[in-house]
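Ready for some practice in reading a protein structure? Work through the exercises below with the structure open beside you, and try each task before you look at its solution.

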Amino acid sequence: MGEDSVLRRAQDPGEGAQDPAGPVFAAVDIGASGGRVIAGWLADGKINTEVVHRFGNGPQQTDRGLRWDIRGLYDEVIAGLRLLAERFPAVVSIGIDTWAVDYGLLDADGELIEDPHCYRDPRTGDAVRSVHDRIDPAELYQITGLQYLSFNTIYQLVAEQDCPEWRRAAKIVMLPDLLGYWLTGDLGTDVTNASSTALLDASTRDWSPRLLQLIGIDADMLPPIQPAGTVRGRISPEVIKQTGLPDDVVLTSIGSHDTASAVAAVPATEPGFAYISSGTWSLVGLEIAEPILTEDSRRANFTNEGGVDGRIRYLRNEGGLWLLQESLRQWKLDGVDHDLGRLLAAAAELPAGGPTVDVGAEEFIAPGGMPERIAAACRRDGQPVPTTAAEFTRCVLDSLALAYGRTLVEAASLSGQEIERVHVVGGGSQNALLCRLTAEATGREVIAGPVEATALGNLLVQARTHGAISGALEDLRALVAASSELTTYSPQRQDADTR
């Protein structure tokens, strides 16, 4: 495979399109490593986008643990909205999505008590044991349908109760809702993010009174749950003054868990598809109508998370490109700044059958020293130990593809659904080597793109809420497919076909 094939990009819809003639919607899309403010509008049966602001993100190590600079992120959101207002005077709505599980605590005056903890902070070990002493994990799964992850919000909140700041806490607010609160003064959340907390009843899709009582949280500490497509509130006069946005701009509730928005924009035009939202993490699974709460599902560590339009995202959270991102960061700290394109090309030339690791293992969650940890895992398992950056890169990508294939086999078995093709969206859709390896590992056609699926799902739910488009989720996906240049990889083929 040539280098240009390795670097071939699945284009996002409408980049560089002509200026809009109708309403404009704004997606604030923030991931663990960076954020974007993206304008979107409909024209000629397609979704068009323009990125108006990009900014970095990452947890900060402090003397009180690993934290998010949420105020700094808010400042970047305001800066992006200011640029948006200068470029697009017809903005009508804003939607915000971020990663899941993390939250901020507000005091009785509505002020943020401290910067939120990062889920990668290793503070929940005792809390996990404490929760499982109060409720058997099997019963917890019966209520929530949520995959066990040591950083699920329920465990973080139990750990939080050992801190003196907890006594001041009046409200628990998920991060996209905290940013929305600062924009509007209105509190609310949506089921996609609420479902990631392990405090939501998967059957009623509301906060679980039993679990709240179990961990000592009053129900009024949590905001009301709104369906995606709810207008939460109007942007405050202060924000209007800071940004220059029109005074009737509103905040619209969308799939605020970024994966939910990404899955809403999977460009599937036929049934029988699976999805991989591939970025810092890999979310691998299917879409189903009702949660699967069986013991087999729990033992396989599958999650039932809320999706847009009442769908269930049945998936497993696997490790992602974080392992490669952290390796690149470590090598740079060590004085070697690798070019990613050349590294991927070199990795593609290596033979199959090299070492692999369990990308979902807890030993790879924390930052720092990633190549050493990968090497240690290979050594412990009696496998050859990577020595070059290309070998480490191939190990990570082979391991991801192997995890994807294994997860999809189990998802099909547990759900009874047939998988005909696999859609890869997000940053990983740009990685041709990963997509090719995924096609081989799954034995299925892999369709890569769009890159900015999360922002597209965010924008389309807003557009539908405000009457710019109509239809079911399948209609939104068809619009994404019509608007996107996608790349297809078939098993046992060396090259990709672009359509």
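This is a predicted model, so keep that in mind as you go.

**Exercise 1.** Decide whether Trp 281 is buried or exposed.

*Solution.* Step 1: look up the relative accessibility of Trp 281, which is 17%. Step 2: recall that buried means under 20%. Step 3: Trp 281 therefore counts as buried.

**Exercise 2.** How many aromatic pairs are there in the model? Describe the one formed by Tyr 119 and Phe 151.

*Solution.* Step 1: the count comes to ten aromatic pairs. Step 2: for Tyr 119 and Phe 151, the distance is 5.1 Å centre to centre, with 50 degrees between the planes. Step 3: planes under 30 degrees apart would be stacked and those over 60 edge-to-face, with the rest tilted, so this pair is tilted. Step 4: now find the partners along the chain. Tyr 119 lies in the loop between β7 (103–106) and α3 (125–134), while Phe 151 lies in the loop between α4 (137–144) and α5 (153–160). The two residues are 32 residues apart, and their pair links distant parts of the chain. Step 5: check the burial of each partner. Tyr 119 has 6% relative accessibility and counts as buried; Phe 151, at 4%, counts as buried too.

**Exercise 3.** What kind of pair do Tyr 119 and Trp 281 form, and which residues make up the aromatic cluster with them?

*Solution.* Step 1: the ring centres of Tyr 119 and Trp 281 are 6.2 Å apart, and the angle between the planes is 50 degrees, which makes a tilted pair. Step 2: Tyr 119 is in the loop between β7 and α3, and Trp 281 is in strand β16 (residues 281–288), 162 residues apart. Step 3: put the rings together: Trp 68, Trp 99, Tyr 119, Phe 151 and Trp 281 form one aromatic cluster.

**Exercise 4.** Where does the charged end of Arg 120 sit?

*Solution.* Go to the charged end of Arg 120 and look for a ring: you will find that of Trp 322, with its centre 3.6 Å away. The charged end sits over this ring.

**Exercise 5.** How many disulfides does the model contain?

*Solution.* Step 1: the count is zero disulfides. Step 2: test Cys 118, whose nearest cysteine sulfur belongs to Cys 163, 15 Å away. A disulfide needs sulfur atoms within 2.5 Å, so Cys 118 is in none. Step 3: repeat for Cys 435, where the nearest cysteine sulfur, that of Cys 395, is 18 Å away.

Terms used: Residues are numbered from 1 along each chain as its sequence is written. This is a predicted model: local features need pLDDT of at least 70, side-chain atom pairs count only at pLDDT 80 or more; totals for chains, interfaces and linings use all residues. Side-chain values use heavy atoms; hydrogens and water are left out. Rings of Phe, Tyr and Trp (its six-membered ring) pair if their centres lie within 6.5 Å; planes under 30 degrees apart count as stacked, over 60 as edge-to-face and the rest as tilted. Helices (H or I, at least four residues) and strands (E, at least two) are DSSP runs, numbered from the N terminus. Buried means under 20% relative accessible area, exposed over 50%, partly exposed in between (1.4 Å probe, protein chains only). A charge sits over a ring if NZ of Lys or CZ of Arg is within 6 Å of the ring centre and within 35 degrees of the ring normal.
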